[in-house]
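Please look over the sequence and the structure shown here, and then follow the report on charged pairs and on the contact between chains.

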Amino acid sequence: MRFEHPATFNPIDQLKVIGHPTSRIEGPLKTTGTAPYAYERHDVVPNQAYGYVIGSAIGKGRIAAIDLEAAKGAPGVLAIVTAENAGKLGKGERNAAPLLGGPEIAHYHQAVAIVVAGTFEQARAAAQLVRIDYAKGDGRFDLAAGRDEAIAPHPSFGGPADTAVGDFAAAFAAAPVQLDATYATPDQSHAMMEPHASIAAWDGDKLTVWTSNQMIAWGAEDMAKTLGIPRDNVRLVSPYIGGGFGGKLFLRADVLLAALGARAARRPVKVALQRPLMFNNTTHRPATIQRIRIGAERDGRITAIGHESWSGNVSGGEPETAVSQTRLLYAGANRMTATRLAALDLPEGNAMRAPGEASGMMALEIAIDELADKLGIDPVALRIANDTQVDPEHPQRKFSQRQLVQCLNEGAARFGWSKRNPKPSQVRDGRWLIGMGVAAAFRNNLVTKSAARVRLDRQGRVTVETDMTDIGTGSYTIIAQTAAEMMGVPLEEVSVRLGDSDFPVSCGSGGQWGGNNSTAGVYAACVKLREAIAQKLGFNSAEAVFADGVVRSGNRSVSLAQAAAGGDLVAEDAIEYGDLAKTYQQSTFGAHFVEVGVDADTAEIRVRRMLAVCAAGRILNPKAARSQVIGAMTMGVGAALMEDLVVDKRHGLFINHDLAAYEVPVHADIPHQDMIFLDETDPISSPMKAKGVAELGICGVAAAVANAVHNATGVRVRDYPITLDKLIAAMPV
Amino acid sequence: MRSFSYERATSPGAAAAAAAGTANAKFIAGGTNLLDLMKLEIETPAHLIDVNGLALDRIDETADGGLRIGALVRNTDLAADRRVRRDYAVLSRALLAGASGQLRNKATTAGNLLQRTRCPYFYDANLPCNKRKPGSGCAAIGGFSRQHAVIGASEACIATHPSDMAVAMRVLDVVVETVRPDGATRSIPIADLHRLPGDSPEIETTLQPGELITAVALPKPVGGTQAYRKVRDRASYAFALVSVAAIVQGDGTGRVALGGVAHKPWRVEAAESELPRGAKAVTARLLADAKPTKDNAYKLPLAERTLAAVLREARG
């Protein structure tokens, strides 16, 4: 189905199932521990052996020699695979550094070997007997030092390296009020609960991998390419995923090494990346340095806005596109952005929840707060004054929907923003200095092809199959809701099967595109199935009504079970998009309000209240969507206050590589969270009239926290995370 | 993890004798620290002596009015003991500030005292660490040292002792009771239990090879207002950046020990005479010889401010 024109009334608009706060249909499996995650799939293939991954002990250089003898002789060892004996390997499209390193080492903890043994303990013990001599090379591990040599990268996913409208330099110079500030965001880790894990089994030259991956088709394609085998010989299965956040978008070392280990050991092999490897072996959100310049009239109207960002990556890696939101969020006639990429030898940087905007909003939304300070204008009012209903670079291009102002106003009213004292460090509650902060939330809505297959059986049950994944987001449930709505059956009559490369290729889970696109693909397949059923029954498909498990047309009515009495009826289709994403700008909006307390003695920062107001198209399942947003808000608190992959610039690694040293929020850090969705349907986005929401929730949160800390203390911290050591000198005596 | 042999000890004396008589032996109780380190091969014992079966899990009243805490009393049980809560509140509070509920259920009193540093360089076997591999150097010096020691450190090691409980015990002046391989027992004031790193940071206590902690004796209650204040980036489940254990008497005198600043719980009795003059005067003496790094210099004002807050609260 091609989606070329704005959606009109369709069966989804009945909202009998869609739009209801339905609990997750797979929830009971998860709460009872019976949803099998990759590493637990003991039953899918017999005789599973265990792999243990060895990561490089150096950040840059070469392997001079590997001695496997002692390890080979260790109890239970079946095989050891290194780059030396793995055979010729290709490389997937979507990873920059090779997933099996050697002799060249691209980054710390790059996998250099897998030891396969009969038990996990044997594999782990033998791995310690592998002797590797390294020749350490000189690496580049310091973004600030590499900033001057950073290059304009090839236009990537996030847009061109340079953009310009009007005359930024002249307008900025002429502006009566100017802000010029530089911000820094650190490297961050996805730190999902389930590590990357895979079980690989060969059957002749055909490979099946049970894994944990957000993008099944990408993974299967890159796996085939890396192994140099036909794509059709690779099957990836990933029905349940214990968190991904972008860290599982791509083929990673666990999949490849399980396959290589299984080939060498002639047995199925299971691999889970050890937790201490997760931080340097896999991808991470790259650190940025961001310079923002804003010129404004005294009434607050922005006349010039410029945003430059520097990030680093391994050779072949992409930049963090931290400037992208600045092209769209606020009005202003004169604009520029620049994205620069420094060559670094740290582990590979790549997408993490809201790549681009999450980092960019951390800086931009402090800058707006600083500008409000300079202007003496309330930061909510300043944002409203600079709202735009059109793409500021292309004013003929409207936003499909844009309720930023409504989000800000609604949030301000609900949060009690009018009680905020604009003068910093005025409000006390016992030993706590209290402050409030606000930030806009912004994240683009991406549309991309997504397919599904729908089957009606003679019991009247509907089964949906698509390689879409559920990374804890609620995909199973919203897909079931979509099929139930379309086919006129109760939710219980729908089965959803996900995450298998034998199923039609979906959009997958990433970039907050999963919800809207995957359900739109199911919509397309259901339209086709309705036609097939109508045709089978001799109904005019345009007049057929599907409700209560029955198809009606005129005075005829047939149950769905009856319609399929002669055999399953199956339809497969994809949603494909025309030019609406070009003619309209599709984005999602929100406003974050945060109240913090800063301990006047110790400068410890604790969040006291949070509110997010979001406008993100039709909310397919308010319960699942709310969970996404409050989870993202939690992640935003982590970004604001603690998450920091610390670079050891001498040894070239993220040194705090476990969950004791890389802190993410715990329950005690998260107070009561409120979040509301504004009513919105977006007929430009898809037949579902929905948009993404899971990444919107993190964009702006950290800046709202930072702005609240400033309001509480008067200290403006421009390098994240905001920790007490950065405040303590300014605490009251 | 290296292969190891395993035995269950039948008595404290037998455990100590076995430990001394077996090469590279270790005691195991709760295992919350040791097992993690064994998986990473930071600890590689050849033999484990499981002491969990020894009847050292009681809290008994002593003749001098104090309490004897068995070495195997779990952190959860110790923190919840009514007598501890009433008479040694600083200890109960320190315990509850540490780790998580699950860990406290497993972790023992003696094990908590003997837990090893959380320095990230200690935890990465690819990098130099004199504590893990004597003579290899200290990667924390010149590296990421935000959490590290500001006082009592050496050119060989700037690690901190991570325990909260031990800081409270230091301020309470507990006495550690042990049995040695020859069956003799001795009592070690906690001030003498932990060592500064010097040039042998791998040796962390004054315990002799095979010597087993059997109990910790709390002196008779010292009264006063007792506080334990732990400062950290996240609200729970994090090691202290700085912690303060304090006992403040009605007349303004008292005791103070710091956590998170040194290789051992940090207490300088002479500094306590400054208590009536306030936190600044106390910390000026307590941390007089501090040599912080750029990353952890904040601990000095933080310690002073935290102590000031504790004193203010204690004095109402």
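## A pair within one helix

In this predicted model, A:E410 is partly exposed, with a relative accessible area of 29%, and A:E410 forms a salt bridge with A:R414, their closest N and O atoms being 2.7 Å apart. A:R414 is exposed, at a relative accessible area of 52%. Because the two residues are four residues apart in helix 11 (residues 404–415) of chain A, about one helical turn separates them.

## Pairs that link distant parts

A salt bridge also joins the side chains of A:E465 and A:R497 (2.7 Å, N to O). A:E465 lies in strand 22 (residues 462–465) and A:R497 in strand 23 of chain A, so this pair ties together parts that are 32 residues apart in sequence. A:E465 is buried, with a relative accessible area of 6%, whereas A:R497 is partly exposed at 43%. Both belong to one network of salt bridges with shared partners, which also includes A:R453, A:R455, A:D568 and A:E572.

In another salt bridge, the side chains of A:D500 and A:R235 meet at 2.5 Å, N to O. A:D500 lies in the loop between strand 23 (494–497) and helix 13 (514–537), and A:R235 in strand 12 (residues 234–237), so the pair ties together parts of chain A that are 265 residues apart in sequence.

## Between the chains

The contact takes 37 residues from chain A and 35 residues from chain B, and the two chains bury about 3,000 Å² between them, 52% of it on carbon and sulfur atoms. Four salt bridges are counted between chain A and chain B, among them the one that A:D599 forms with B:R229, with the closest N and O atoms 2.8 Å apart.

Methods. Residues numbered from 1 in each chain as written. Chains lettered and ligands numbered in written order. Predicted model: local features only at pLDDT ≥ 70, side-chain atom pairs only at ≥ 80, totals over all residues. Heavy atoms only, no water. Contact = heavy atoms within 4.5 Å. Buried area = accessible area lost by both parts, 1.4 Å probe. Buried < 20%, exposed > 50% of the residue type's maximum accessible area, 1.4 Å probe, protein only.
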